[in-house]
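Student: I have a model open here and would like to talk it through with you. Could we start with the whole chain and then work down to single strands?

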Amino acid sequence: MHHFEYKGDELFCEDVSVSKIAFEAGTPVYIYSSATLIKHFKVFDLSFKTIPHLTCYSMKSNSNGAILNLFSTMGGGADIVSGGELYRALKAGMDPGKIVYSGVGKTSNEIDMALDAGILMFNVESEQELEKIN
C-alpha cells in the first residue's frame, strides 16, 4: 500500500531512485510519496462515505506545507493545537472552515487568531478554555 520499493539493490520512491534524490537534494533529506499519501487519505476518507464527515489531518504528526496542501486539495481539513500550526495550515492553503483547533492550553491570542481566521470549531477541553472563548 505504499510506493517505496526496491528495484534490484536500489530503493525507489515511486519511480525515482532514493540515491538520486539524496544526491540532488543533499542529506539528510525527508522523502514523501504523494501517491502513498493520496492512497492512504482516500482509504480512510472513503470508509466514511455513507455519513457526512470531514477528514482532518493531525498537524502535530507532521506540519510539512506540501503535505498540508495535498490533503487540502483532496478536501481534507487540519486538526491543529497551536497558533503556529494555524499559521502553517493557512499558509499551505487550507480552508479555515475546515480547521479544528484541539489541545489544551490555548492562549487568548491564539483563540482570537483562530476566530479571526474563521476556523470550523474548537475542541474545548477545560472550563478555563471555555472562559477564554466566551
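Student: Among contacts in the protein chain between residues at least 6 apart in sequence, what percentage join residues at least 24 apart?

Tutor: In this model, which is a predicted one, 31% of the contacts between residues at least 6 apart in sequence join residues that are at least 24 apart.

Student: And what radius of gyration does the chain have, set against a compact globule of 134 residues?

Tutor: The protein chain has a radius of gyration of 18 Å, whereas a compact globule of 134 residues would come out near 14 Å. Along its principal axes, the C-alpha trace spans about 60 × 40 × 25 Å.

Student: How many of the residues count as buried, as a percentage?

Tutor: Of the 134 residues, 29% count as buried, and the chain exposes about 8,400 Å², of which carbon and sulfur atoms supply 56%.

Student: Switching to secondary structure, in what order do the elements run from the N terminus?

Tutor: The order is β-β-β-α-α-β-α-β-α-β-α-β-α, which comes to 6 helices and 7 strands.

Student: What do strands 1, 2 and 3 form?

Tutor: They form an open sheet in the order 1-2-3 with antiparallel pairing, and its edge strands are strand 1 (4-7) and strand 3 (16-17), each of which pairs on one side only. Strand 2 (residues 10-13) is joined to strand 3 by 2 bridges in the antiparallel sense, with F12 standing opposite S17 in strand 3.

Student: Now strand 5: are its two faces covered or open?

Tutor: Both faces of strand 5 (residues 77-80) are covered, since G77 and D79 on one side are buried, as are A78 and I80 on the other. In a regular strand the side chains alternate between the two faces of the sheet.

Student: In which sense does strand 5 pair with strand 4?

Tutor: Strand 4 (residues 56-58) pairs with strand 5 in the parallel sense over 3 bridges, and S58 stands opposite D79 in strand 5. The chain passes from strand 4 through helix 3 (residues 65-73) to strand 5, making a right-handed β-α-β crossover.

Student: What about strand 6, how many bridges join it to strand 5?

Tutor: There are 3 bridges between strand 5 and strand 6 (residues 99-101), and these strands run parallel. I80 stands opposite Y101 in strand 6.

Student: Which helix sits between those strands in the β-α-β unit, and what is the unit's hand?

Tutor: Helix 4 (residues 83-91) makes up the unit together with strand 5 and strand 6, and the unit is right-handed.

Key
Residues numbered from 1 in each chain as written. Predicted model: local features only at pLDDT ≥ 70, side-chain atom pairs only at ≥ 80, totals over all residues. Heavy atoms only, no water. Buried < 20%, exposed > 50% of the residue type's maximum accessible area, 1.4 Å probe, protein only. Helix = DSSP H or I, 4+ residues; strand = E, 2+ residues; numbered from the N terminus. Pairing = 2+ DSSP bridges. Right-handed = clockwise from strand over helix to strand, strands pointing away. Rg over C-alpha atoms; globule rule 2.2 N^0.38 Å. Contact = heavy atoms within 4.5 Å. Areas by Shrake-Rupley, 256 points an atom, 1.4 Å probe, with all protein chains shown as cover.
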